[in-house]
Amino acid sequence: LNSTAALRSIDRNPAASPSPAVRVAISRDTLRALLQQLLKVRAHTLAITAPLSAEDCQVQSMPDASPIKWHLAHTSWFFETFLLGEFSHHYVPFDPEFKVLFNSYYNAVGAKHPRLERGLLSRPSLARVVDYRQHIDAALGAFVSVVAEADLRTVLERVTLGLNHEQQHQELMLTDLKHLLSINPTAPVYYANAPHPEALTNENPDRATQWISLSGGLIEIGHDSSTQATTRFAYDNESPRHRTFVEPYAIANRLVNNGEFLAFINAGGYRDPSLWLSDGFDQVQRGGWAKPLYWQQDSRSHWHEFTLSGLHTLDPEKPVCHISFFEADAYARWAGARLPTESEWEHAATHATSAHLLLQRDDQLWQWTASSYLGYPGFAAAKGAVGEYNGKFMCNQFVLRGGSVATPAGHTRTTYRNFFQPEKRWQFTGIRLARNQPQQR
Ligand SMILES: [Fe+2]
């Protein structure tokens, strides 16, 4: 898999990164163009593996993470199952065994291999999985001519969903790989220019947090899927657009940085139960948590941070990264603030204009919100197996907003809702603070 050309395309802004759009004017030409865009995105997935060995691609480092090989296969399975198998009548599956092996969580599709045992699949080999990808790419390349006219709209929507699914797995590949490499005591380098959060630049000489005050009121959030003009893609969980009431609030213009989080640690933040939710403090004790996931302290008490480009001295100016909801919530309480709700976040992202800029909005770290992940009023999951994509996870998870250094460019938008359980911290997650604002009378 090694190739220097592929290595160069690992950068976060590959030309292939799309802003997917489904036009109401459905045509075969639209589908042809979208499939070409998709093939570029899929090529980028493979490029991510260029610096990796077959052994790197095999291992599953923890239950939440999947082997790179599994990601490569599963993103191909997605198109075989939900596109080629459904809409291409002459399509022959590459290997019937893969239907179960690489099903992630779609119960409507049938049986699935246990998630915890993904790393135990030494067969198929990485080479065979790469063959599988090429088989799917070839079928996608020829697909435009075999789609029935009546299926065009559904197929366009399905290809767009698959393209976004592929991009989500690109980010997961980087986070899963980071976890895998982090448990190797030699602190391996994945790639010298691998994505990592950046400190604010000299354009922001005053790095103290500025508070952006917003009056709130009856606001609207969510994606308007009823728009008749060209409609940008959004997942089903971002709709319907709806009204919600927000009290006056203030939101931080930037993310919490390493220096500030270190002050929380040095003040005994991890040991003070009064700062933590009950489940959070249980997790701190169970996990022996005393620092963010990838921080390390050397024998001289100097702090370092493991990254995809190896071990680095901790930079106090960079945003604090790999933080769970529980840690974000405890830090906010210690700092005399709180986490924003997702309504507040989206309102601020939409209305904090150039005079009150929301910095590090969607290009550094996902930002935990205080909002449980629930369906919006009137939410209905998509019909069929793809309806399992988002809706069935609306329990015991919290919403994150924004996007991260590992998110493919153009993948997210202001209404985008990411979600994870409150103890998870292997994603590129950070903290933006909010606080209440006295009512203006
Ligand atoms: Fe998936």
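The side chains of His 71 and His 169 are joined by a polar contact of 3.0 Å. The model in which this pair appears is predicted.

**His 71 and its surroundings**

His 71 is part of helix α4, which covers residues 68-87. Is His 71 buried or exposed? Its relative accessibility is 2%, and the cut-off for a buried residue is under 20%, so His 71 counts as buried. Apart from neighbours within four places in sequence, His 71 is in contact with Ser 66, His 169, Leu 172, Met 173 and Asp 176. His 169 is thus a partner of His 71 in the polar contact, and His 169 is also a donor to the iron ion.

**The iron ion**

Which residues supply the protein donors of the iron ion? They are His 74, His 165 and His 169, as the table shows.

| Donor residue | Donor atom | Distance from the iron ion |
|---|---|---|
| His 74 | NE2 | 2.2 Å |
| His 165 | NE2 | 2.2 Å |
| His 169 | NE2 | 2.2 Å |

Written as a pattern along the sequence, the spacing of these donor residues is H-x90-H-x3-H. His 74 belongs to helix α4 and His 165 to helix α7 (residues 152-182), so this pair ties together parts that lie 91 residues apart in sequence. Both His 74 and His 165 are buried.

**Helix α7**

Helix α7 has 31 residues, and at 1.5 Å a residue these should span 45 Å. The C-alpha atoms at its ends are 45 Å apart, which agrees with that expectation. How many residues of α7 are buried? The count is 26 of 31, so the helix is mostly covered.

**The whole chain**

The protein chain contains 11 helices and 14 strands. For 441 residues, a compact globule would have a radius of gyration near 22 Å, and the value for the protein chain, 22 Å, agrees. Along the principal axes, its C-alpha trace spans about 65 × 55 × 40 Å.

Of the 441 residues in the protein chain, 55% are buried. The accessible surface of the chain is about 19200 Å², and carbon and sulfur atoms hold 52% of that area. Among contacts in the protein chain with a separation of 6 or more, 82% are between residues 24 or more positions apart. The pair His 74 and His 165, set in helices α4 and α7, likewise links parts 91 residues apart in sequence.

Definitions and conventions: Residues are numbered from 1 along each chain as its sequence is written. This is a predicted model: local features need pLDDT of at least 70, side-chain atom pairs count only at pLDDT 80 or more; totals for chains, interfaces and linings use all residues. Side-chain values use heavy atoms; hydrogens and water are left out. Helices (H or I, at least four residues) and strands (E, at least two) are DSSP runs, numbered from the N terminus. Buried means under 20% relative accessible area, exposed over 50%, partly exposed in between (1.4 Å probe, protein chains only). A polar contact is a pair of N or O atoms within 3.5 Å; within protein, one must be able to donate a hydrogen and the other to accept it, and residues adjacent in sequence count only if both atoms are side-chain atoms. Contact means heavy atoms within 4.5 Å. Donors are N, O and S atoms within 2.8 Å of the metal (3.2 Å for Na, K and Ca); water is not among the atoms, so sites may look incomplete. The expected span of a helix is 1.5 Å times one less than its number of residues. The radius of gyration is taken over C-alpha atoms; the globule rule is 2.2 Å times the number of residues to the power 0.38. Accessible areas come from the Shrake-Rupley method with a 1.4 Å probe; for residues, only the protein chains shown count as cover.
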